[in-house]
Every structure is written in structure tokens, then in C-alpha cells.
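This report describes one protein chain for a reader who has not met it before. The sequence and the model come first, followed by notes on the sheets, the helices and the cores.

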Amino acid sequence: MSHSPLSQTVETPPLLRWGPVAIAVGVTVVLFLTVSTGYFQAIADREERAVASARTIEQGVTRTLESVETTLSVIAEEARTGLAGDDRNLAAARRRMADSLRLAPHIRQLTILRGATVLADTNGPDGTKVDLAMLGLDKNQAAPTGQGLRIGTLQRSRFLPHQGELPDQHSLRSLIPVALVAADSSSTAPLMIVAALNTAYLEDIFTSGAFRRDSHHGLVRQDGQPLIATDSLVEWNAPLAAMLSSGADQHFVSVQSLAVPLGATALRLSARYPIAVVIGVRHAETLRDWAGRNRSILAVLAVVSLGAAAVLFVVLRQALVRRTLQAQVRVLVKAIEQSPVVVVVTDADGVIDYVNPAFTRLFGYTAEQAVGRNPRLLNSGQNPSENYRALWDSLTRGQSWSGEFINRANDGSLVHVSSTISAVRDSHDRTTHFIGVMADITEAKRAERERESLILRLGRANEGLQRFAEISAHHLQEPARRLVSFAQRLKTRLTGRFEDEDAQVSLAFIEQQAGRLRDLLRDVQLYLAADVPLGAQSEIDTARVARDVVLRFGPRIDAAHARVLVTDLPHLTIDAPRLADLFAILLENAISYRRPDVPPEIIISGETTADRVRLTVADNGTGIAPEFRERVFRVFERLPRTGDMQGTGIGLAIARRIVESNSGQIWIEETPGGGVTVVVEFEVAEKP
């Protein structure tokens, strides 16, 4: 039979030879050992149940969150579909939300948000707002595995509080907000589907488990924020931090005082989400339960042990050794044999001593086929030699090595694994064994390749669409220009030759619409090119560019009797042509949207903070209602206009494209006293 480090036995020490005096002492020792052995076994059993319960409860909570994620994903798809149309219909999403609530007892409320604004809610009116920071949903708390579910903070409330509402710390009801962010191409603000989880349902997962008699339990986020916690739960932050820093998915901490076990804490990370299950054990309760169950046995044992002290001494000593060995082997075997990751143990010469069942499942070699051979039997020949040099350099320095290998299974297939290899040293600092732990990452590698391929294809498709639009707009410019030219020529040739008023109106309309088509194509070209620099990007004099634009608009400014003031502006790193286009668009809007009875006053100003440059263009015109201040940045989105004001509805969309392509932001505020202030912010460029 092949040698295995898990099958080693410990020889029982020789029995002590007691004299007549030692027999009396032995009776007391036997009684103490018997009692302590049973008690420590009860502690070990209870701690094992705590670990197993933490794993079982984690699986239940994870399955619950998976069902919630599936529900939110379906609702998100319904919402995206509904919002994609012109009518912005969320009826299908509302029906899906209502059906989901009927079928999901663990969900108390479902809400669709855009930003902090409620679009649809199973409990409450639309159009209200929620405080995402108070709910703990303002930052992504997704798990490192990349899942999209955000888990908020515990709320003392029956339903999600609206903005401005304070949590009721005395409420008997509580909920946990869980959200899924769904990209929505129709708006720069993403959709967020929020579910209010019923904490009573999650509490049932704890209390209905195999460890239900123990009331010390909790559900916490990876940042230490408690979601469910009994008042008597022991402190969990330090063990949780230790587990996260070590990269383990479970952790166990025993608390002792003068070798007396006082309690223990078992933690288990969710397989998919950034939460952990905590089970706390207090051994005062273990002692009370154990003593209550064994009261009669202890009394009989005390009486019988007085008459058979010598025999009981031998039996109890052997039982103590046997139970200790069984407990050690049971923990070791359970941890390694049932582990989903591959464990390989070799001797100091690199000959395999042991492989766990996961090795056979992954590579197809049985333990009999692997033990006694070198791990080179897995070599696929596709691993860089640098990997092996780095591995042995780390092990020689007494450090662990982590990396990736491409191994070949028994059937010839290739398996990508993430490996960690460590050296085991004895008391003389000599290497006796090497332990390797491997996890299958074949599917993760395949998914990564597919993602990279998809990104490449999407990039090519986007480039093709961009090119098509640019060429189309370019080729349509010439026919539009000719339409304007010939309409004007025809109007000039026919002036005074006929008195048909209808024909004159029609000819004027043709000229007007041809000019509008020409302007529209020009703005489309500007929009398509707005995210591409039109010159060298360097630090430029922003005020000089603004004054040049004002000078170019001189006739328009004089005709409108406007007054334009350009203050000292901070320098900005951008190409000058696009900055000029930005100022021209904002100045054009400020002049066009003026009040008929008030001369326009336009102020172009700016300031610099530690990390931002802010430019503002303020006017005293007709203003924009708050509900339209985001819409006007969309392509072809125009507000009702009066008089002879013209435009294509693309100007502010071009402005946003220019700003955002330079890592900036643009928005609209109200000017004190009436009018519009357009605010543009850019990041301060780092000095080389």
C-alpha cells in the first residue's frame, strides 16, 4: 500500500507503572480525565456542528440571493424594453414586479429607480426619491467574482424609506435593500432595480438549520456591516478581516482562557456574494447542556471508579488517545477529502505521497496511478519555463508560490489551474514535504477569451457605424448645399415675373428647408467628430479662445443688443478648435433663447479648485424648467421656441460629447434672477 501522510498513526505510549500510593491518585485522575474528555468531545462536536451549520446556512442564503438576482434581472429586462419605446411604458415591468412579489415570500417590496428617482414601486407613488447613501446602495458592494448584485445596509422599516425619512430604530420590522444596476442606452443615468428583503425570512434560514438551538448567529457584509445579528453574537470583525486577508472561504476562531475553552466563532463566506455567515458558540452553554445530559452517568462513574481505579485508568487513557486521534483525523480528512480544490502532497524529492478525490475528478488519475510518481505527469508542455524558475526560487526562500499552470489530464484534455505551492519544514528547518493546492479555472479562462473577443467585435461594429454615419453626412452635404443654392437662384430669377403668392411661399419654404437640411447635416458631422481632437491637446489660454468666439459672433450680438462679458478664465488642456465649438454652441443658445423685452446679458467665467477646472456661461434669458435640464442634452431634443429662433436640436448634444470625451461633466443650473447657467467641469491635468 502506498504511503499517505493522512494515514499515519501515533503509537500509544507505554502504560505507567503505578505503585500502591499512585492508585488512589489515579482514581481521581481517571475521573477528571473521563469528565474532561467527554466535555472536550462535546465542545469539538458543537464546534463541528457550528462549522457545518455555517456552510449549510451560507448555501441557503446564497440560493436566496441567487433567486433575488434572477428576479431583478428579469424585471430589469422588462424595464429596459419598456423604456426603449417612445411611450416609455413600464406596464410589463410592473406586472412582473407584482407577480414576483406573489411568488417570493423573501421579497417585501420591488422598486425601479433611475438615479434616486422612483420610476415604479410596488409600495408607494412614482416620482418620489430615495436616499441611496442611507440604504448603502451608493457604492458597488459586488463580490470579487464580478456578480452585479449590490447589498445595502439593514433598515428598521417595513418598506424602503423615502428621501428625508429617518429610520425607526425601535421598529419591529426590518429589511435589507438589494439592488441590481441595469445599463440603459436611452439615458446616461442607469436603471437600478431594488428589492427589500424580508429579514424574518432570512432569520428562518438560521433558526430552521441543524444548529437552531444556538441563538448566537449573524449575517454580515464583507465590510463588517451587520445585516442580521443576535444581541449575544460575539465580535466578528477581526475573524472576518483575517479570513479575507488569507483568501479563505471559511474561518474558525477558538477563544480560550488559561487553556479553558470559552467559545468559538465559525465564519463562512458566500460563494457568490460579499456576505458572510457567522455562528457563535459559548461553551458555558455547552457545559450546561453536556452536564445535564450526563448527570446520571457521572454519578455512576464516580461510584464505580472507586472500586476499579486501576482498570479504569488504563481504559480511559486509551480512550483519550483514541478519541484525540479520531478527532484530528476526522477534521483533517473532512477538510481535505471533501475539498472542491485539488490537494497534492509530495515528499522532499517531489514524489507524490497523496492526492485527494478532487485530483481524480479534475485530472482523471486515480490515487493509485498518481502516488509514487512525479507531478510532471500533468505537464502539458505549454507552461513557460519562467513559471518553474519562479516557483523554485520562492520555495528555496521559504515562501509560498502562487501562479497558473496549463496541465494535461489523463484523457489528454488541457486544464487551466490556479496553483499555490508551499514547503513543509521540520523543527530543524529541513523541507520534508511540499503541498500544492490547485483550483480549476478552465471555464474562467474560456469566459475571459470570449469576453475579449466580444469587446473586439463590438469595437469593430462601432467603428463601422461611426464611419458609415460620417460618410453619409459628408455625401449628403453637397446635395443639401446645391438645394439651397438653386432655391436661392430660382427665387432671384423669378422675382417680379409672376404674382402667384402660393408659388412664392412654396419657393421660400423650399429655400428654408434646404438651409435647415444643410445646417442639420453640418451639426451631425460636428456631433460625430466631437469626441475626436481637432488639433494638438495642450494647455491653452481659455479666455483668448472665448474672446475670439465672441468677436466672431459680433453681428449677432449687435443685432440682439446683447452684452457679453468674458472674465479671467483658468487655462485648460484641450484642443482649441473643439473648445471654440463649445463656447460657440453655448453663446448661440444664450443669444437665441433671450427674452423679447430684455437685452441679453451673458457672462463667461471660471474657477480652479484642487482637482477641477470649472467654466460657466450664464445668461438672463427664458430659462429651462428643471424637468427639461437633462433632456436638452439629447440629440434632436428641443424645447418649444418662439419668434425666428432656429436650431437643429443637436447643439447641446455636441457640447456634452466634447466635454465627456475630455473626462468632463456638463449640466444646467438656474441663473439667479432668471435665465440659464451652463456649468462645465474638467479634471485638472497632472503635471508631467
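## A helix across a sheet

Helix α4, which spans residues 199–207, lies across β1, β4 and β5. Its direction makes an angle of about 55° with β5, the strand of residues 191–198. The model is a predicted one.

The strands under α4 belong to an open sheet of five strands, ordered β2-β1-β5-β4-β3, with antiparallel pairing. At the edges are β2 (117–121) and β3 (149–151), each of which pairs on one side only. Neighbouring strands in this sheet are turned by 30° against each other on average, with direction ignored. A second helix, α2 (residues 91–103), lies across β1 (107–114) and β2, and it runs at about 160° to β1.

The edge strand β3 is joined to β4 (residues 175–182) by three bridges, and the two run antiparallel. In this pair, Ile151 is opposite Val178 of β4.

## The chain as a whole

The chain has 17 helices and 22 strands. It holds 688 residues, of which 39% count as buried. Among contacts in the chain with a separation of 6 or more, 60% are between residues 24 or more positions apart.

## Strands around β15

Strand β15 (residues 431–440) pairs with β11 (residues 342–347) in the antiparallel sense, over six bridges. Val344 has Gly436 of β15 as its bridge partner.

β15 is also joined to β14 (residues 414–425), by nine bridges, and this pair runs antiparallel. Here Val417 is opposite Asp440 in β15. β14 and β15 make a hairpin with five residues between them. In the turn, Asp429 has a positive phi of about 65°.

## Two packed helices

Two packed helices are described by the angle between their axes and the distance between the axes. For α16 (residues 576–592) and α17 (residues 651–660), the angle is about 145° and the axes are 9 Å apart. The crossing of α16 past α17 is left-handed.

On the α16 side, the contact is made by Arg578, Asp581, Leu582, Ile585, Leu586 and Asn589. On the α17 side, Gly651, Leu652, Ile654, Ala655, Ile658 and Val659 take part. By type, the residues of this contact are eight nonpolar, two polar and two charged.

How many of the ten residues of α17 are buried? Seven are, so the helix is largely enclosed by the rest of the structure. The buried residues are Leu652, Ala653, Ile654, Ala655, Arg656, Ile658 and Val659.

## Nonpolar cores

The largest nonpolar core has 45 residues, and those with the most contacts inside it are Leu579, Phe583, Ile668 and Val680. Two or more residues of this core come from each of α14 (542–552), β18 (572–574), α16, β19 (601–608), β20 (612–618), α17, β21 (665–670) and β22 (676–683). The most come from α16, which gives ten.

Leaving aside neighbours within four places in sequence, Leu579 is in contact with Ile540, Thr542, Val545, Leu572 and Ile574. Another core lies apart from the one just described and has 41 residues, including Leu90, Ala93, Leu197 and Ile228.

Technical notes. Residues numbered from 1 in each chain as written. Predicted model: local features only at pLDDT ≥ 70, side-chain atom pairs only at ≥ 80, totals over all residues. Heavy atoms only, no water. Pairing = 2+ DSSP bridges. Helix = DSSP H or I, 4+ residues; strand = E, 2+ residues; numbered from the N terminus. Axes fitted to C-alpha atoms, helices over the stretch in contact; angles between N-to-C directions. Contact = heavy atoms within 4.5 Å. Left-handed = near helix turned anticlockwise from the far one by under 90°. Nonpolar A, V, L, I, M, F, W, Y, C, P; charged D, E, K, R; others polar. Core = buried A, V, L, I, M, F, W, Y, C linked by side-chain atoms within 4.5 Å. Buried < 20%, exposed > 50% of the residue type's maximum accessible area, 1.4 Å probe, protein only.
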